[in-house]
Amino acid sequence: MSDPGEPWWRTAVLYQIYPRSFADSDADGQGDIGGIIAHLDHLQWLGVDGIWLSPITVSPNADWGYDVADFCAVQPDLGTMAEFDLLVARAGERGIRVLLDLVPNHTSDQHPWFVDSRSSRTSPRRDWYVWADPRADGAPPNNWVSSFGGPAWTLDPATGQYYLHNHLAEQPDLNWWNDEVRTCFDTILAFWLDRGVAGFRIDVCNIIVKDAQLRDNPPATEEDDFEAQLFGQRPVYNGNRPEVHDVLRRWRRVTGRYRPPRVLIGETPVKVDALAAYYGNGDDELHLAFNFPFITAPFQADALRGVVEDTERMLPPGAWPAWTGSNHDMSRFATRWADGDGRRVRAALLMLLCLRGTPVLYQGDEIGLGDWPVAPDDLRDPVGVRYFPAYAGRDAMRTPMPWRRGPGGGFTDPGTRPWLPLGDTAGCNVDDQRSDPGSVLHWARDLLALRRRTPDLQTGAYRSVAAPDGVWAWQRGSRFLVVLNLGDHEAVLDSVEGDIRIGTDRGRDGQSLSGPVSLREWEGLVIETR
Ligand code: GLC
C-alpha cells in the first residue's frame, strides 16, 4: 500500500500517450481523445496512475502538435474540449490522473501572437518573441543553430529583422524576458489546472530563457557531447541560462496552490549535475526531471549504475528522480536497449520499475514494442523529411499502438490507412499478449502490482550492492534486493538469504534463496531478504 504521507506522483507509475498514434475512434486514421477514453480499461488493468498526453492543443502540425496555435483549445482532429473533460472524469473514476504537455519555449508561426508580433516593429506583441537586427553584412544576429539543424534565425523581410527559433522556422521562440509572456502562461497553466489536469510535462524547459545580450555560443571542443560536436557549438547562450530557474519557481508557486498536489515534469536534456539544478532546493522548482544521461546510456551494468549513482548523489535532498527508457523522440528501449530480445525487454522493465523514482513508460513499452522503420514516402516527422537518409527522424517510435493483429491493428478501421504505417501487428500486439500469461505485458503488469503493494519498492532508499562484472545489484529500503544480469553470460552472486518475489524467469517466483545465487544472461530478480 502507498504511504499516505507521500505525494501521489512519487509512488505513481506514469504512462506517456502520443495521442495521434494511440487509438482512432472515428476512423480517420489518426488517434484521438475518444480512442484514449476507449482504452482506459487497458491502462487501469495495467495499473498506471497517470497519463501524460503529448500535445492535444490546436496546431498546424509542422511539428505534430509541438507548434501550438492556441494553448487553451483542443485540436479539432483530436477531439473537443467536452471529450477532454470526459477523459479527465473517466480516467479519474479509474484512479488515473491526466497530465498535459506544456510547450512554453515557442509557438506556431500561425499563433495570433506571432502573427501580431511580425506585423510591425511597433506591434504591442513585438517583444513577445525574440527579434534582432541583421549584422552589418545582413547575416543573422549571432551564430546560434537550431536543434533541428541550420541557423536558429529566419529573416522577416517585411520588418527587416530576424526572429529566433530553436527548432523549425515555423516554431518562433517566445521571449521569456517579457513579463506579459510570463503572466500569460500563468493563466494558461491555471486554465488547465482548473479543469482537473494533474500537472504538466514541460517541453524543452531548459532552453526557454536565452541570453539577454544574444551572445555567440562558444565553439564545441572534443570534450563536448555528440550533439555539441555535431552542431559545432556549445549551447551556452541559446538555452540553459540561470534565469530559467526563476520561471520554474514561478510555475511551482502556481501549481502549489492546487489540491491534490499537481506535478511539473521537465524535459531536461542536460548532464546529471545540471539536471540537479532543475529541482532547485529540492522543493521549489520541478517535481520531476527527465534523465537523459540515463535514457541515452548503453544497456550495460556499469554505465547505467553510474548514472543512477550520480543522480542519487547529486540531486538535492527531497528531490525525486524520474526514469524512462522511451519517448516519442528517442528510439524505443525494446529496440535501443534490448535489440528485440524479450529477456532484455523484461530486464529493462524491471530496472525502470524498481529504481527509486517515478517510472514513466511510453505507450507500447508494456508489450515490448520496438521501433518500426518508416519508408521514405511515409515519413511525417519534419526532421526525418529534412535529413533522410542521414537521419530518418522520429516516426519509427511514433507508429500506431498495435491493439490486435490484422488490418487496422485495432488502432483504426480495417479499411482506413493509418497516418503512420502499422508495424508487425501479428508479432506484437496487446490482445495476444493479454491472453498469454507468459507475455511481456503480464510481466509488466505483475511488476507494477508488486511495486504498488511494496513500500520499499515505491519509496525505499537506493543503495548499490557489490556484484560480479556485468551484474547490477541494488537494495531498496530495508528489505528488498534487486539483481540484474546485464551480461550475456551466467553470473553468480555470493550469498543471498531471502525469497524471490518476482523473476524475469517466472518459474523462479516464490523460490527461497540461501547461499550463492546464479543468474542466467539477462536474468533479473526482485528478492525480499531475510
Ligand atoms: C521536444 C519535443 C519534441 C519537439 C521539440 C520541439 O523535444 O519532445 O517532440 O519536436 O521539443 O517542440
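In the predicted model, eight strands form an open sheet with parallel pairing, in the order β11-β10-β9-β5-β2-β1-β13-β12. The edges are occupied by β11 (288-289) and β12 (322-323); each has a single partner strand, so one side of each is left without a neighbour in the sheet. Strands of a sheet pair through backbone hydrogen bonds, in either a parallel or an antiparallel sense.

Within this order, strand β2 (residues 50-53) runs parallel to strand β5 (residues 97-102), and four bridges join the two. Gly50 is placed opposite Arg97 of β5. Strand β13 (residues 358-362) stands between β1 and β12 in the strand order. On one side, β13 pairs in the parallel sense with strand β1 (residues 14-17) over three bridges, and Leu361 of β13 is the bridge partner of Tyr15. With β12, the pairing of β13 is also parallel and comprises two bridges; here Thr358 of β13 is the bridge partner of Ala322.

Strand β13 is mostly covered, with five of its five residues buried. The side chains divide into two sets: Thr358, Val360 and Tyr362 point one way from the strand, whereas Pro359 and Leu361 point the other way. Both sets are buried, where buried denotes a relative accessible area under 20%.

Helix α16 (residues 440-452) contains 13 residues. The distance from its first C-alpha to its last is 18 Å, close to the 18 Å expected at 1.5 Å a residue. The buried residues of α16 are Val440, Leu441, His442, Trp443, Ala444, Leu447, Leu448, Leu450 and Arg451.

The ligand is surrounded by 14 residues, of which Asp63, Asp203, Glu267, Asp329 and Arg394 come nearest. By class, the shell around the ligand consists of seven charged, four polar and three nonpolar residues. Several polar side chains approach oxygen atoms of the ligand. For Asp63, an N or O atom of the side chain is 2.5 Å from a ligand oxygen atom. A polar side-chain atom of His106 lies 2.9 Å from an oxygen atom of the ligand, and a separation of 2.9 Å is also found between a ligand oxygen atom and an N or O atom in the side chain of Arg201. On its own, the ligand has 310 Å² of accessible area, 96% of which is covered by the protein.

Terms used: Residues numbered from 1 in each chain as written. Predicted model: local features only at pLDDT ≥ 70, side-chain atom pairs only at ≥ 80, totals over all residues. Heavy atoms only, no water. Expected span 1.5 Å × (residues − 1). Buried < 20%, exposed > 50% of the residue type's maximum accessible area, 1.4 Å probe, protein only. Pairing = 2+ DSSP bridges. Near = heavy atom within 4 Å. Polar contact = N/O pair within 3.5 Å; in protein donor to acceptor, adjacent residues only side chain to side chain. Areas by Shrake-Rupley, 256 points an atom, 1.4 Å probe, with all protein chains shown as cover. Nonpolar A, V, L, I, M, F, W, Y, C, P; charged D, E, K, R; others polar.
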